[in-house]
Number of protein chains: 2
Amino acid sequence: MTVPSGRRERKKAATRQKIADTALRLFLERGYDAVGIREVAAEADVAVTTLFSHFASKEALVFEQDEDFEQRLTQAVTGRAPHEPLIPALRSEIQALVRHCTADSAAPIWRMIDESPALRKYEESMRLRHAETLATAIAADPELPQTATASRTIARFVIDAYSLAREAAEPEAAVDEIFWMIEAAWEATCPSRPRIPSSDTREQVTRR
Amino acid sequence: MTVPSGRRERKKAATRQKIADTALRLFLERGYDAVGIREVAAEADVAVTTLFSHFASKEALVFEQDEDFEQRLTQAVTGRAPHEPLIPALRSEIQALVRHCTADSAAPIWRMIDESPALRKYEESMRLRHAETLATAIAADPELPQTATASRTIARFVIDAYSLAREAAEPEAAVDEIFWMIEAAWEATCPSRPRIPSSDTREQVTRR
DNA sequence: ACCGTAGCACTAACGGTTAGCATTTTGGAG
DNA sequence: CTCCAAAATGCTAACCGTTAGTGCTACGGT
């Protein structure tokens, strides 16, 4: 009972990792569609049912660590300093995430994803989950007196920014461009802090 | 060659419609997941392969007329009067679409969709297609000198508005609320037409 | 009247996924 | 140390959506 100690959890995590690694290797070697679940299971030396006890679907093998993504986003909202404005915090987090997934080392994986309709579809519904989670985090912030609809809207827009920037020719510039729009959308719902002052317009958005 | 006249086309359309009607009836009677493709085909008195020659997937049976949706959106962009502003045109179109799909008569269908993960997933990727189509239409408008990224962004936001409003407690109010944000986002990329002559002190920072 | 082809039927299979049940491994209680 | 309950894994056999292959039939243009 109580807290299951060490070994069991480690072994389970190890099995999970072995499956994910094997799967990704095979997928990259021979193509996602050309590799069957039964093959992955055999190569990882586990039963098919075991594989499915670790991963809900074949696609989930590829997006193994999507919970990190979710976590980082909510953390960017809940973990920011008092009075730190929301949108810039999200902007720099998205910027980091985009940089991470457009890095050369990640290129083969994203190429594989882009080529498989099943994987694209899966990623899309994953993003919707992330948007919902983010919306909840935004709505829970007492500093932000937003409508439920406004929270969900901004969350969607932010996730859209990630998705669009990832596919853009110049991902980092695209993040800036889209967040410029998001900022405007956000302030339209949040007239409390007028942004007028003459000259600060664009500078604070173009950090780095 | 040329244009195959009359009977053949009518028969084909009739078969398609019969399949769609049968499917929807069975799905609503006994639940989407509880009805198999083989059952639908049998009840519609066609072969399974025939069914799949009319519909690309089981989910497509439910979203039978999604091309109308796409058409209406692009029409709202390309078919508007000269100098008619983009966003309000899209707003009223989305408003109409939301009204249409939140009507009481459509309630059982959307309840079914919301309850089936497969259908939700399908609808999501459908929306992404629609967003891309809409983005193309926006980018093609010579009156709107936008970036490719800005076009795609606005298109996504508009589709998001539809999706969010459909699920909101007060759909029509939600459309207005979200489009208020979209309007602001749009004008952030389009500084040519200031919307509040008096207080708009944002100077034209020439954007890239 | 004739022929090419579009539409359709049938069978068999493939691949992801799951239910059911047996077996092993692990952590903790006695 | 021993023993037990639970967790983890394994195996089999299926279900279901989907597709390839093949052939037949009826329609429409010539």
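**A walk from DNA strand D to the chain A–chain B contact**

Start by selecting DNA strand D: 59% of its atoms within 4 Å of the protein are sugar or phosphate atoms, and the rest belong to bases. Keep in mind that this is a predicted model.

Next, pull up the protein residues around strand D. There are 25 of them, and the nearest are Ala47(A), Thr50(A), Arg7(B), Arg8(B) and Lys58(B). Color them by class and you should get 7 nonpolar, 9 polar and 9 charged. Switch to cartoon for the helices: α1 (7–30) and α3 (48–54) of chain A each supply at least two residues of this surface, and so do α1 (7–30), α2 (37–44) and α3 (48–54) of chain B.

Now zoom in on three side chains of chain A. Thr15(A) has a side-chain N or O atom 3.1 Å from a phosphate oxygen of strand D. For His54(A), a polar side-chain atom sits 2.9 Å from a phosphate oxygen of strand D. Thr49(A) goes for a base instead, with a polar side-chain atom 2.9 Å from a base nitrogen of strand D.

Leave the DNA and select the contact between the two protein chains. Chain A puts in 35 residues and chain B 36. About 3,400 Å² is buried between them, 58% of it from carbon and sulfur atoms. Look for 6 salt bridges across the two chains; for one of them, pick Arg152(A) and Glu167(B), whose closest N and O atoms are 2.9 Å apart. On the chain A side, α8 (117–140), α9 (148–167) and α10 (171–189) each supply at least two residues. That side splits into 16 nonpolar, 8 polar and 11 charged residues.

Note on methods: Residues numbered from 1 in each chain as written. Chains lettered and ligands numbered in written order. Predicted model: local features only at pLDDT ≥ 70, side-chain atom pairs only at ≥ 80, totals over all residues. Heavy atoms only, no water. Near = heavy atom within 4 Å. Polar contact = N/O pair within 3.5 Å; in protein donor to acceptor, adjacent residues only side chain to side chain. Helix = DSSP H or I, 4+ residues; strand = E, 2+ residues; numbered from the N terminus. Nonpolar A, V, L, I, M, F, W, Y, C, P; charged D, E, K, R; others polar. Contact = heavy atoms within 4.5 Å. Buried area = accessible area lost by both parts, 1.4 Å probe. Salt bridge = Lys/Arg side-chain N within 4 Å of Asp/Glu carboxyl O.
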